[in-house]
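This report describes a single protein chain, going from its overall surface to its strands and then to a few individual residues. Please keep the sequence and the structure in view while reading.

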Amino acid sequence: MNITPLYDRVVLKRLEPAETMKGGIIIPDTAKEKPQRGEVVSVGDDAHLIKVAAGDRVLLPKYTGTEIRVDAR
């Protein structure tokens with residue numbers, strides 16, 4: 001499914017963190033936080049106002065944005 005943002009909005013896909021830490025410790029799913037890194041999927045119509053492009057990797061603030069699920073099963 002193709003999602004197109006309007007105006008100065010950006011669609012991001014969260015990047016999942018690695019399953020194991022440097023020390024070899026495996027973190028269970030219940031202890032994981034939402035990833036704070038993402039990849040830009042698409043940019044809105046006012047692209048001249050936005051300093052990122054599709055394919056860029058960005059850091060996300062912890063409690064911002066609107067989360068949507070596409071084809072969630």
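How much area does the chain expose, and what share of it do carbon and sulfur atoms supply? In this predicted model, the chain exposes about 6,600 Å², of which 53% is supplied by carbon and sulfur atoms. Buried residues account for 14% of the 73 residues in the chain. As for how the chain contacts itself, among the contacts between residues at least 6 apart in sequence, 52% join residues that are at least 24 apart.

**Strands and sheet**

The chain contains zero helices and three strands, and its elements, followed from the N terminus, run β-β-β. These three strands form an open sheet in the order S1-S2-S3, with antiparallel pairing. Strand S1, which covers 10-14, and strand S3, which covers 57-59, stand at the edges of the sheet, and each has a single partner strand, so one side of each is left without a neighbour in the sheet. On average, and with direction ignored, neighbouring strands of this sheet are turned by 45 degrees against each other.

Strand S2 comprises residues 37-43 and pairs with S3 in the antiparallel sense over three bridges. Within this pairing of strands, Glu39 has Arg57 in S3 as its bridge partner.

**Individual residues**

A search of the whole structure finds one salt bridge, and its partners are the side chains of Glu67 and Arg69, which meet at 3.6 Å, taken from N to O. The two residues fall into separate accessibility classes: Glu67 counts as partly exposed because its relative accessibility is 46%, whereas Arg69, with a relative accessible area of 68%, is exposed.

Tyr7 deserves a separate look for its backbone, since its phi is near 55 degrees, a positive value in a residue other than glycine. This tyrosine, Tyr7, lies in the segment before S1, and its relative accessible area of 55% places Tyr7 among exposed residues, because the cut-off for that class is over 50%.

The accessibility values of the three residues discussed here are set out below.

| Residue | Relative accessible area | Class |
|---|---|---|
| Tyr7 | 55% | exposed |
| Glu67 | 46% | partly exposed |
| Arg69 | 68% | exposed |

Taken together, the model shows an open antiparallel sheet of three strands, one salt bridge in the whole structure, and a positive phi at Tyr7.

Definitions and conventions: Residues numbered from 1 in each chain as written. Predicted model: local features only at pLDDT ≥ 70, side-chain atom pairs only at ≥ 80, totals over all residues. Heavy atoms only, no water. Pairing = 2+ DSSP bridges. Helix = DSSP H or I, 4+ residues; strand = E, 2+ residues; numbered from the N terminus. Axes fitted to C-alpha atoms, helices over the stretch in contact; angles between N-to-C directions. Salt bridge = Lys/Arg side-chain N within 4 Å of Asp/Glu carboxyl O. Buried < 20%, exposed > 50% of the residue type's maximum accessible area, 1.4 Å probe, protein only. Contact = heavy atoms within 4.5 Å. Areas by Shrake-Rupley, 256 points an atom, 1.4 Å probe, with all protein chains shown as cover.
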